[in-house]
Amino acid sequence: MTREAGPAGPDGGRWSRRRVLGGGALLAGGVALGAAGMSQGTWLADRHLPLSTGPASATVGNRRQDVGSGGLQVVWHVPTTERLVALTFDDGPLPQWTPTVLDTLDRYAVPATFFLVGSRVRRHADLIRGRLARHEVGNHSWRHRDLARLAAAAVHDDLRRSHDAIAEVTGVPPRLARPPYGHLGGGVLHAAVRLDYRIVLWSLQMVEGEFPDDPAGHARRIVADVVPGTILLAHDAGSANRQVALRGLDAMITGLRSRGYTFVTVSQLLGHPTGPRPGG
């Protein structure tokens, strides 16, 4: 019985069946060792991350934790059958932005929720002092850093500093927080529960970049996309293209009212009786 010739080897000879099987075993072993090495490398790298107190962790240390009321609500949308919408503005106050927004809201008697940046509140206090009676204020950090990259203690210091500035200038301590970019890290959660905040994100955002120089078209798009319980994100700061939304704010307000919608603050929306959840 003759031995079957195998495929050519790297030296031009032929692989025997035994050599092929042996090579396969070595390859499999190498893959396994490589995977183990990667796993070991990942574990070694993770050892250098401050997982117990860093941005990923929603706990700090192993002593008793100061966690306020002990629980935290995170909200994107409020399920309701009533035509209610909460209009929110982030990143202000800033000149040439916030006064325009406030003037428009005053004209239509529309309440909104402003997530304020503490350092800007300090610098531009006169823009909002005495103008927020119908509105609600929330905390949007001290300087609009990505809080999800910070440990709990640093996030708490940042939000606390902003909290104090907002309370001093507006006369109302904020009870809501919205982290910049909507980024939630463990440190953000821990700091928010310490401050007895609710975290408010959003279920619909202005899409100014899709409607350059077309405020009316942008307004029609937003009006069509709102559903009962929507938390709508806008900005009273930022790049020039965001002005598209502000220039179309009148049309958006009248368009939503023509569809039977009532504008409320976020807290009013949260306090409203909810209807059945979708699919339930």
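These are legends for close-up views of a predicted model.

**View A. Two phenylalanines stack between strands β2 and β3.** Start with the rings: a pair like this is described by the distance of the centres and the angle of the planes. For Phe89 and Phe114, the centres sit 5.3 Å apart and the planes are at 20 degrees, which makes the pair stacked because planes under 30 degrees apart count that way. The model has one aromatic pair by this rule. Phe89 belongs to strand β2 (residues 84-90) and Phe114 to strand β3 (residues 113-116), so the pair ties together parts 25 residues apart in sequence. Both Phe89 and Phe114 are buried.

**View B. Phe114 and its surroundings in the largest nonpolar core.** This core has 37 residues, and the ones touching the most other members are Leu87, Phe89, Leu105, Phe114 and Met252. Helix α9 (residues 249-258) supplies the largest share of the core, with four residues. In soluble globular proteins, nonpolar side chains tend to be buried together. Setting aside neighbours within four places in sequence, Phe114 is in contact with residues including Phe89, Val101, Leu102, Leu105 and Leu132. His135, Glu136 and Asp236 are also among the contacts of Phe114.

**View C. Helices α2 and α9 pack against each other.** Two packed helices are described by the angle between their axes and the distance between the axes. Here α2 and α9 pack at about 30 degrees, with their axes 10 Å apart. Angles under 35 degrees count as roughly parallel, so that is the label for α2 and α9. Their crossing is right-handed. On the α2 side, look for Thr104, Leu105, Arg107 and Tyr108; they meet Leu249, Asp250, Ile253, Thr254 and Arg257 in α9.

**View D. A cis peptide bond and a positive phi in the loop between β2 and α2.** Gly92 and Pro93 are joined by a cis peptide bond, with omega about 5 degrees. Pro93 lies in the loop between β2 and α2 (98-108). Gln96 is in the loop between β2 and α2 as well. Although Gln96 is not a glycine, its phi is positive, at about 65 degrees. Gln96 is exposed, with a relative accessible area of 69%.

**View E. Asp196 has a positive phi in the loop between α6 and β6.** The loop holding Asp196 runs between α6 (186-194) and β6 (198-200). Phi of Asp196 is near 55 degrees, again a positive value in a residue other than glycine. Buried or exposed, or in between, for Asp196? At 39% relative accessibility, Asp196 counts as partly exposed.

Conventions: Residues are numbered from 1 along each chain as its sequence is written. This is a predicted model: local features need pLDDT of at least 70, side-chain atom pairs count only at pLDDT 80 or more; totals for chains, interfaces and linings use all residues. Side-chain values use heavy atoms; hydrogens and water are left out. Rings of Phe, Tyr and Trp (its six-membered ring) pair if their centres lie within 6.5 Å; planes under 30 degrees apart count as stacked, over 60 as edge-to-face and the rest as tilted. Buried means under 20% relative accessible area, exposed over 50%, partly exposed in between (1.4 Å probe, protein chains only). A nonpolar core is a set of buried Ala, Val, Leu, Ile, Met, Phe, Trp, Tyr and Cys residues joined through side-chain atoms within 4.5 Å. Contact means heavy atoms within 4.5 Å. Axes are lines fitted to C-alpha atoms, for helices over the stretch in contact, and angles run from 0 to 180 degrees between N-to-C directions. Angles under 35 degrees count as roughly parallel, over 145 as roughly antiparallel, 65 to 115 as roughly perpendicular and the rest as oblique. A crossing is left-handed if the near helix is turned anticlockwise from the far one by less than a right angle, and right-handed if clockwise.
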